[in-house]
Amino acid sequence: MALKYHVVSRTDLRKGAPEGGVLYHGQVRVGDRITLDELGESISALSTASEGDISVVLEGLLMLLRQHLVKGNIVELGDLGKFRMVAGSPGVESAEQFTVSLFKKGHIVYTPGIKLLKHVRKNTHYEKLNFIEEEEPCDRPHTI
């Protein structure tokens, strides 16, 4: 399988770019969404564990992941990779001025495992999407 992409034009923001200049970039399109249930079904087909067993393990993993991340722990999952929480804040003039309310909303950082990363990078292929322009306008509202 290949990552599907299309080519988009964007304003050329390089230093010294001509007025109104554009550059063309490849943009990867997302594929289907795979749910936790679908993953459980697939894992069950590859093993002797039932879908229910897989579901219990995955739900337990998610629960423990949440518990450890809010404590500031790094959760390492072998070849799958590791998860950690990060949050930053704006600077203040003195340590006494700093309050917890200055922290921005935290987010989870995922770092893939080396074997997974190498495998995905090595086996990535690309396939261009060809859009067909239709003459009739669409009657459904769209956002850009």
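Start with one pairing: methionine 85 has isoleucine 108 as its bridge partner in strand S5. Keep in mind that this is a predicted model. That pairing belongs to an open sheet of 3 strands, in the order S3-S4-S5, and another open sheet of 3 strands runs in the order S2-S1-S6. Below is a quick tour of both sheets, then the salt bridges, a nonpolar patch and a couple of single residues.

**The S3-S4-S5 sheet**

- The pairing in this sheet is antiparallel. Strand S3 (75-76) and strand S5 (107-112) are the edge strands, and each of them pairs on one side only.
- Helix H2 (residues 51-70) packs on this sheet and touches S3, S4 and S5. The helix direction makes about 45 degrees with that of S4.
- S4 and S5 are joined by 6 bridges and pair in the antiparallel sense. The methionine 85 and isoleucine 108 pair from the opening is where S5 comes in.
- On the other pairing, S3 meets strand S4 (residues 81-86) over 2 bridges, again in the antiparallel sense. Here valine 75 has phenylalanine 83 in S4 as its bridge partner.
- S3 and S4 make a hairpin with 4 residues between the strands. Look for glycine 78 in that hairpin: its phi is positive, near 55 degrees.

**The S2-S1-S6 sheet**

- This sheet is also open, but its pairing is mixed. Strand S2 (22-28) and S6 sit at the edges with a single partner strand each, so one side of each has no neighbour in the sheet.
- On average, neighbouring strands here are turned by 45 degrees against each other, if you ignore direction.
- S1 and S2 run antiparallel and are joined by 7 bridges. To spot the pairing, find valine 8, which stands opposite histidine 25 in S2.
- As a reading aid, side chains in a regular strand alternate between the two faces of the sheet.

**Arginine 10, a residue to look up in S1**

- Arginine 10 is found in strand S1. It counts as partly exposed, because its relative accessibility is 41% and that label covers values between 20% and 50%.
- Setting aside neighbours within four places in sequence, arginine 10 is in contact with Gly21, Val22, Leu23, His25 and Gln27.
- For a sense of scale, the C-alpha atoms of arginine 10 and proline 112 are 30 Å apart, with their positions 102 residues apart along the chain.

**Salt bridges**

- How many salt bridges are there? The count comes to 2.
- One of them joins glutamate 127 and lysine 4, whose closest N and O atoms are 3.7 Å apart. Glutamate 127 lies in strand S6 (residues 126-128) and lysine 4 in strand S1 (residues 3-11), so this pair ties together parts 123 residues apart in sequence.
- Both ends of that pair are partly exposed: glutamate 127 has a relative accessible area of 38%, and lysine 4 has one of 28%.
- Arginine 14 and aspartate 12 also meet through their side chains in a salt bridge, at 2.9 Å from N to O.
- Is aspartate 12 buried or exposed? Its relative accessibility is 8%, so aspartate 12 counts as buried, whereas arginine 14 is exposed at 53%.

**Helix H1 and the nonpolar patch**

- Ile34, Leu36, Leu39, Ile43 and Leu62 make a nonpolar patch on the surface, of about 390 Å².
- Which element gives the patch its largest share? Helix H1 (residues 36-46) does, with 3 residues.
- Leucine 39 is in the patch and lies in helix H1. With a relative accessible area of 40%, leucine 39 is partly exposed, and patch members need over 30%, so leucine 39 clears that cut-off.
- Serine 44 is found in helix H1 too, but serine 44 is buried, with a relative accessible area of 16%. The label fits because buried means under 20%.
- Beyond its neighbours within four places in sequence, serine 44 is in contact with Ala49, Ser50, Glu51 and Ile54.
- Serine 44 and serine 55 are 11 residues apart in sequence, and their C-alpha atoms are 9.5 Å apart in space.

Terms used:
Residues numbered from 1 in each chain as written. Predicted model: local features only at pLDDT ≥ 70, side-chain atom pairs only at ≥ 80, totals over all residues. Heavy atoms only, no water. Patch = residues over 30% accessible without salt bridge, like charges linked within 9 Å, V, L, I, M, F, W, Y side chains within 5 Å. Areas by Shrake-Rupley, 256 points an atom, 1.4 Å probe, with all protein chains shown as cover. Salt bridge = Lys/Arg side-chain N within 4 Å of Asp/Glu carboxyl O. Buried < 20%, exposed > 50% of the residue type's maximum accessible area, 1.4 Å probe, protein only. Pairing = 2+ DSSP bridges. Contact = heavy atoms within 4.5 Å. Axes fitted to C-alpha atoms, helices over the stretch in contact; angles between N-to-C directions.
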